[in-house]
Amino acid sequence: MVNSQRSDAEPISNSQPFSPANRELVPASAAWELGVDAASTRWTLAAYAYGLFAVLGLAYVLLDMPIQVADGYTNMIGLGQRSLLDGVYSEFFQRSYLRPLLWGQQHVVYMLANGRYFEWFRGWHVVQVLLLVVLFIRLLRPRTIADVAALPLGLAILLGMHTFIGTVVEAYPINTYMTILLCTAGAADIALGSPTRWRDLAAVVLFAFAALTVESGLLVWVVFVAAWLTGARGVSRGAIVTLTVLFAGYFVLRFGILDVGSPGLIERSSGYGFRSRDPQELIAMFGANPWRFYGYNVVSSILSVLWSEPRAGVWDLTERVVDHVRFSRPMMVNMVASTLATGVLMRFVWRRRRQWRVRLFERADRIVLIFAAVLVANGALSYGYTKDVMMSPAGVFYALAVTVATGDLIGRTPRGAGVTVVLAMLMAAMSAAWAVRAVAVHVAVRQSGMAVREQWAYLDQWLETQHKSAADPAALALQRQLQDDAIVRHPGKPALTGDWLTWLEGQ
Amino acid sequence: MTSTAFSIHETRPRASTLLIAATAAPAMIATMLVLVFVVFESSGRTLSAIAPANVAEAAGLGLGGETLRRVRMGEDATARLSVRPEIISSSVKSVTALEAAVFARQVELIRMFDRHGSIADPHLRRHLVCLAADLDVRDIVEYLGAADAATCRPGETRAAIVQR
């Protein structure tokens, strides 16, 4: 039964047309997009309720973590010294990085905080996670029991991905990577919705905001274009052209007008082969011809999302196989989780190949294809060096893609009892492995909070080693306040103990 | 409500309850476990954790932040306090926070105490150097004064602490 009532469902005209003639090519989920009934509304509400529970657990540990010293306190020192416009303007003329709106966001929250830095910056981090989970569920549109059953797994992948950890364990004060996750997920939400004028405007504003916040914000353009190419018409052709002009304009601005450049090999360490290499080593290996290193980084970054190996460019698990060294428990969990999840995704791609050949795309197809586009583009943006968190946008779309693929797997195929039991065991193993990874992220955030408190406890010693000192009275006052926040006003929770942690630490 | 040729509920087979449960249950259980942990900790009881009962235990666990907090709240780093067997070892039952920091091999803690003026007394400083020498914590010996370590009787300071 299909109800004519619609909530946020896209109109049929937004999908590629289908007819009784090609009905066999259309997944059952296509009919599911035609409308919602009371039961599906209940499932949608259940999905949001579950999402709220998932956020509560993470919010608890996020609010236990103080603003960190390096790249946190040190970034905040300059925020009160310039006006918003002066600060943003001057950030256009930095070397290697073009991130003026990152400074702008930090400045705005800093001014709004008016001295209550812990509450505002840590609170904003929690709000970001909440918004991400809401966008995640909006994109999935869970309306049946199978969709809702796939959601806990999807959220476990979202929060448990190794690419996600860096968006929550670092309190910069504003985690830039998390901001870009919101921008890319928001872009997908705009692109996959019903066409309206405001979406065009929102798309342009969102792209400009993301691109000028951090380099990976350029992925917003990739999301819009990939969605458009798969038939999504949330934004118009004109908006896509405008976005493309802006995308090209970014490079003209960065390299032609401002001459900002980009980070070179000497900027930071990066993994290669079985271990991490420092900048000098990288220059010695690739200085004359860095393209091989860049290619390695792109491929490594893509594989890392699909199989959790390599990690930050280092093939640790492979090395253990080669050397016949036992895997750690987290490595086993990661391997099982990623292999099964990517397997489910590959099954979906295989099953839908005929429809894709005739360009018949449904919402689930679009999500999977947007993931493919973001994965490749995100990998390309990581050419300079590999780091798990740099692939976090691809990680979010991986979670979305695996979730829709799982919903498709568990929701529609009639099977014999034996096949169903085997499939159920595989799904349980996958769900359990991702659940362990998601819990591990909570533990990692808690332990990161403890580590940050140690930084604050030994701040004087750290400043000495960095040959820094807060001579400016305002900087000194800020330092004292943040240290008091971390040590006295928001003291740490007890350290966790027990063998069970060996399953979680080092994910 | 109208029925159409594409009605999902007419053409789509029923999802397997077993598959649905197998997919959803592990991840949901993990979320529930996290929330149970949060509820317990919010009510004052942290599951599977060790919480320091005093500044000596905090130092013995090597917790710089908690140690500093307790010092700022007025706890005395030079006072002998009872510590549980799992903090340092079953043979060490009563120590000062300064001694506990040496047992924890935390030169950063010793430096922090020094900055707070807790090691101003030369006798106390020598006592800590001798303990660090007994435990072979070289960075603490070097920080507090390697010259003093030469005057220590090997093993004596540690034995005295164990006998308390």
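User: Taking two residues as in contact if their C-beta atoms, placed from the backbone, lie within 7 Å, which residues is Phe397(A) in contact with, leaving aside neighbours within four places in sequence?
Analyst: Bearing in mind that this is a predicted model, Phe397(A) is in contact with Ile370(A), Phe371(A) and Val374(A) once those sequence neighbours are set aside. Phe397(A) itself belongs to helix α19 of chain A, which covers residues 392-412.

User: Is Phe397(A) buried or exposed?
Analyst: Phe397(A) is buried, because 28 other C-beta atoms lie within 10 Å and the cut-off for burial is 20 or more. Its C-alpha atom is also 9.5 Å from that of Ala188(A), although 209 residues separate the two along the chain.

User: And what does Val223(A) touch?
Analyst: Not counting residues up to four places away in sequence, Val223(A) touches Thr184(A), Ala187(A), Ala188(A), Ala191(A), Ile370(A) and Val374(A). Val223(A) is also among the residues with the most contacts inside the largest nonpolar core, as are Val220(A), Phe224(A), Leu400(A) and Ala401(A).

User: How many residues are in that core, and which helix gives the most?
Analyst: The largest nonpolar core has 186 residues, and helix α20 of chain A (residues 417-457) gives the most to it, with 16 residues. Domain 1 (13-42) and domain 2 (55-162) of chain B both give residues to this core, so it lies between them.

User: How far apart are the C-alpha centres of those two domains of chain B?
Analyst: The C-alpha centres of domain 1 and domain 2 of chain B are 46 Å apart.

User: Switching to helix packing, at what angle do α22(A) and α4(B) pack?
Analyst: Helix α22 of chain A (residues 473-489) and helix α4 of chain B (residues 64-72) pack at an angle of about 90°, with 9 Å between their axes, which means that α22(A) is roughly perpendicular to α4(B). On the α22(A) side Ala486(A), Ile487(A) and Val488(A) meet Gly65(B), Leu68(B), Arg69(B) and Arg72(B) of α4(B), and by class this contact has four nonpolar, one polar and two charged residues.

User: Where is the cis peptide bond?
Analyst: The bond from Glu309(A) to Pro310(A) is cis, with omega near 0°, and Pro310(A) sits in the loop between α14 (291-307) and α15 (316-322) of chain A. Ser308(A), in the loop between α14 and α15 of chain A, has a positive phi of about 60° although it is not a glycine.

User: Which of Ser308(A) and Asp259(A) is buried, and which is exposed?
Analyst: Ser308(A) counts as buried, with 26 C-beta neighbours inside 10 Å, whereas Asp259(A) is exposed, with 9 other C-beta atoms within 10 Å. Asp259(A) has a positive phi near 55° and lies in the loop between α12 (237-257) and β1 (270-272) of chain A.

Methods: Residues are numbered from 1 along each chain as its sequence is written. Chains are lettered from A and ligands numbered from 1 in the order in which they are written. This is a predicted model: local features need pLDDT of at least 70, side-chain atom pairs count only at pLDDT 80 or more; totals for chains, interfaces and linings use all residues. Domain bounds come from an automatic or database domain assignment. A nonpolar core is a set of buried Ala, Val, Leu, Ile, Met, Phe, Trp, Tyr and Cys residues joined through C-beta atoms within 7 Å. A residue is buried if 20 or more other C-beta atoms lie within 10 Å of its own, exposed if 12 or fewer, and partly exposed in between; C-beta atoms are placed from the backbone. Helices (H or I, at least four residues) and strands (E, at least two) are DSSP runs, numbered from the N terminus. Axes are lines fitted to C-alpha atoms, for helices over the stretch in contact, and angles run from 0 to 180 degrees between N-to-C directions. Angles under 35 degrees count as roughly parallel, over 145 as roughly antiparallel, 65 to 115 as roughly perpendicular and the rest as oblique. Ala, Val, Leu, Ile, Met, Phe, Trp, Tyr, Cys and Pro count as nonpolar, Asp, Glu, Lys and Arg as charged, and the others, Gly among them, as polar.
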